[in-house]
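The following exercises concern a predicted model. Each task is followed by a solution that proceeds step by step.

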There are 2 protein chains.
Amino acid sequence: MLRRTILAGVTSTVIGAVALNEPLRDYAEHLWSVIRLNDKPGLPVFGTVSAATAVVPSASTTVASRTAQIMKFGFPGTANVKVRENFVLSFDRRLRVATWVFEHFNRESLKKADGVDRSACTFFEDPDEHPYFRPTLQDYLNSGFDRGHMAAAANHRSNQKHMQDTFTLLNVAPQVGKGFNRDSWERLERYVRQLSRTYKEIYTCTGPLFLPRREGDGKLYVKYQVIGKNHVAVPTHFFKIVVGEGTDGFLDMEVFVMPNQVLDDSISLNAYYSTPEAVERASGLLFFSSMSKDRLRCVNGVRTK
Amino acid sequence: MLRRTILAGVTSTVIGAVALNEPLRDYAEHLWSVIRLNDKPGLPVFGTVSAATAVVPSASTTVASRTAQIMKFGFPGTANVKVRENFVLSFDRRLRVATWVFEHFNRESLKKADGVDRSACTFFEDPDEHPYFRPTLQDYLNSGFDRGHMAAAANHRSNQKHMQDTFTLLNVAPQVGKGFNRDSWERLERYVRQLSRTYKEIYTCTGPLFLPRREGDGKLYVKYQVIGKNHVAVPTHFFKIVVGEGTDGFLDMEVFVMPNQVLDDSISLNAYYSTPEAVERASGLLFFSSMSKDRLRCVNGVRTK
């Protein structure tokens with residue numbers, strides 16, 4: 001994806017992104033210290049492989065088969081999985097935010113249907129979670145954070161119900177509003193939708209990260225705020241992994257990690273590139289475990305073979 | 001359990017424990033702010049109920065049926081469950097420590113068998129976890145923390161293999177050594193074993209907590225250290241929930257939360273009492289969900305009806 005354009009910026013990857021901001025250097029250290037990409041044979045993330053075949057989405061599929069489509073390349077984990085008609089998420093009951101949210105779309109399914117209206121959607125407290133762990137509207141109120149969608153509302157505008165489904169607070173995490181959720185993060189979401197012009201199918205996984213940083217005593221600490229009576233965790237970063245499937249069956253992947261803070265909106269998105277492995281280690285998840293490595297052509301615009 | 005002796009100290013519960021230490025006051029606030037015990041009908045923790053019947057352990061049971069025994073009152077969650085011959089744990093791949101560890105024992109099974117030798121046991125890196133998430137000996141080396149057992153080795157001395165199994169680093173979390181792991185925490189473990197003199201069967205669930213505290217800006221933050229190249233999380237607290245089953249079928253429960261720090265060893269264990277609900281909310285887990293509420297006689301020495 002992006003290919004030539006982004007290829008130029010690829011060597012900087014995460015290091016490039018975090019060099020933008022002095023205190024973020026330690027995050028880069030985190031992401032890279034445990035990885036020795038050169039020591040590894042290829043991308044171990046694609047170690048477990050099956051010969052996956054393309055599934056063409058249809059408007060008449062059941063939720064179950066839609067789930068199979070969305071999750072085509074395997075579940076990153078199976079704890080507290082919540083299946084909705086057009087996306088699938090895993091909810092972290094301790095942090096009160098999703099662990100990961102999976103979506104699948106293409107040019108056709110992204111088209112806005114007549115009458116679909118975002119302003120008619122409302123955030124809601126989801127009865128499909130135990131009251132002990134269920135985030136509430138009150139938790140976010142006056143918290144200083146936006147209710148940031150993980151599965152973006154605009155990815156689900158072909159159907160009012162699908163869009164409304166994304167307004168569950170299980171699909172939401174506290175995000176810095178101005179300068180992040182409403183700017184660079186939204187720019188990333190828009191970019192991912194635009195990839196549907198290039199690829200036949202798009203699969204995307206989005207979620208929070210809680211990354212450590214080195215403090216004055218030389219030790220690494222994870223620190224994050226919690227908001228509201230239910231102590232909803234404010235992620236330090238968010239990741240988004242995108243897989244584009246070409247008409248000839250090849251797969252391109254892009255991996256983004258963005259800090260949850262005011263970002264300079266003039267910074268190119270490829271400055272936020274990370275590796276699948278770094279995100280897997282940091283999140284505790286294995287992505288696309290059933291994806292065939294043979295079909296993978298590029299990661300962050302760099303050919304894998 | 002403890003009954004009369006502890007009944008006197010019960011009203012202080014967690015508040016009592018954390019009042020010991022000025023900065024801990026916020027943990028108490030955390031544990032209590034989201035709970036309004038008086039607003040709730042009984043203990044919602046026992047909301048989902050089945051008429052559980054006693055299972056008598058036998059030396060010849062298979063691992064599968066042993067698991068059914070250990071987990072008699074339901075799994076708190078099913079993510080990354082690792083079943084061993086004499087305990088069951090759920091491993092948190094992001095934090096690199098267990099989410100919870102379940103044990104079951106009684107007076108008979110606690111007896112040390114001839115030849116069982118703790119000094120012959122060695123901590124080991126467990127191949128039953130993906131290398132991205134697997135804690136290593138190197139992670140703990142020179143970290144300043146003990147490799148603290150969740151399932152205590154001394155609970156498994158009837159069989160050398162069972163004891164050795166507890167030395168997997170999946171069953172270990174970084175604990176403050178002197179003043180905690182080797183003192184108050186060990187005192188708690190010993191106390192729980194002693195309960196087998198009073199009760200026919202003991203069920204216990206142990207795990208880490210990561211509790212927030214209020215900082216100078218008035219906001220709540222979770223902060224914890226991570227150690228080693230794999231960033232093993234250092235829990236701020238540990239919980240231990242114990243259920244004793246009497247010969248006449250009644251159940252008594254005790255719930256402990258201890259901060260992972262040097263503690264005054266003269267402090268009574270009942271000063272660390274917490275409620276099941278507080279630990280459930282903080283850990284994101286539901287304990288003993290298949291336990292019959294009707295059989296529950298006492299929580300922390302206080303009669304429930």
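**Exercise 1.** Determine whether A:Glu129 is buried or exposed, and describe the salt bridge in which A:Glu129 takes part with A:Lys82.

*Solution.* Step 1. The relative accessible area of A:Glu129 is 3%. Since a residue counts as buried under 20%, A:Glu129 is buried.

Step 2. The partner, A:Lys82, has a relative accessibility of 9% and therefore also counts as buried.

Step 3. The two side chains meet in a salt bridge, with 3.5 Å from N to O. A:Lys82 belongs to strand E1 (residues 81-83) of chain A, while A:Glu129 lies in the loop between strand E3 (97-105) and helix H5 (137-140), so the pair ties together parts that are 47 residues apart in sequence.

Step 4. Both residues also belong to a network of salt bridges with shared partners, which joins A:Lys82, A:Arg84, A:Arg93, A:Asp126, A:Asp128 and A:Glu129. Over all chains, the count of salt bridges comes to 30.

**Exercise 2.** Describe how strand E2 of chain A is enclosed and how E2(A) pairs with E1(A) and with E3(A).

*Solution.* Step 1. Strand E2 of chain A covers residues 87-92, and six of its six residues are buried, so the strand is largely enclosed by the rest of the structure.

Step 2. The side chains are then sorted by direction. A:Phe87, A:Leu89 and A:Phe91 point one way from E2(A), whereas A:Val88, A:Ser90 and A:Asp92 point the other way.

Step 3. With E1(A), the pairing is antiparallel over three bridges. In this pairing A:Lys82 stands opposite A:Leu89 of E2(A), and a hairpin of three residues joins E1(A) to E2(A).

Step 4. With E3(A), the pairing is again antiparallel, over six bridges. Here A:Val88 has A:Phe102 as its bridge partner. Four residues lie between E2(A) and E3(A) in this hairpin, and A:Arg96 in the turn has a positive phi of about 65°.

**Exercise 3.** Compare the settings of two salt bridges in chain B: B:Glu85 with B:Lys161, and B:Arg295 with B:Glu245.

*Solution.* Step 1. B:Glu85 and B:Lys161 meet at 3.6 Å, N to O. B:Glu85 is in the loop between strand E1 (81-83) and strand E2 (87-92) of chain B, and B:Lys161 is in helix H6 (residues 160-165), so this pair ties together parts 76 residues apart in sequence.

Step 2. B:Glu85 is partly exposed at 30% relative accessibility. B:Lys161, at 42%, is partly exposed as well.

Step 3. In the salt bridge of B:Arg295 with B:Glu245, the closest N and O atoms are 2.6 Å apart. B:Arg295 lies in the loop between helix H9 (276-283) and strand E12 (296-299), and B:Glu245 lies in strand E10 (residues 237-245), 50 residues apart.

Step 4. B:Arg295 and B:Glu245 are buried, whereas B:Glu85 is partly exposed, as is B:Lys161.

**Exercise 4.** Locate B:Ser266 in chain B and state what its side chain contacts.

*Solution.* Step 1. B:Ser266 occurs in the loop between strand E11 (251-259) and H9 of chain B.

Step 2. Its relative accessibility is 62%; B:Ser266 thus counts as exposed.

Step 3. The side chain of B:Ser266 makes a polar contact of 2.7 Å with the side chain of B:Asp264. The C-alpha atoms of B:Ser266 and B:Ser184 are separated by 8.6 Å, although these positions lie 82 residues apart along the chain as the distance in sequence.

**Exercise 5.** Characterise the interface of chain B and chain A.

*Solution.* Step 1. The size of an interface is often expressed as the accessible area lost when the parts come together. Chain B and chain A bury about 3,400 Å² between them, with 54% of it on carbon and sulfur atoms. B:Arg94, B:Tyr132 and B:Arg281 supply 23% of the area that chain B buries against chain A, more than any other three residues.

Step 2. In terms of contacts, 37 residues of chain B touch 37 residues of chain A. Across the interface there are 10 residue pairs in polar contact. E8(B) contributes the largest share of the side of chain B that touches chain A, seven residues. That side divides into 18 nonpolar, eight polar and 11 charged residues.

Step 3. Two salt bridges cross the interface. A:Lys223 and B:Glu215 meet in a salt bridge of 2.9 Å, N to O.

Step 4. Strand E8 of chain A (residues 220-227) pairs with E8(B) in the antiparallel sense over seven bridges. In this pairing A:Val226 stands opposite B:Leu220.

Key
Residues numbered from 1 in each chain as written. Chains lettered and ligands numbered in written order. Predicted model: local features only at pLDDT ≥ 70, side-chain atom pairs only at ≥ 80, totals over all residues. Heavy atoms only, no water. Salt bridge = Lys/Arg side-chain N within 4 Å of Asp/Glu carboxyl O. Helix = DSSP H or I, 4+ residues; strand = E, 2+ residues; numbered from the N terminus. Buried < 20%, exposed > 50% of the residue type's maximum accessible area, 1.4 Å probe, protein only. Polar contact = N/O pair within 3.5 Å; in protein donor to acceptor, adjacent residues only side chain to side chain. Pairing = 2+ DSSP bridges. Contact = heavy atoms within 4.5 Å. Buried area = accessible area lost by both parts, 1.4 Å probe. Nonpolar A, V, L, I, M, F, W, Y, C, P; charged D, E, K, R; others polar.
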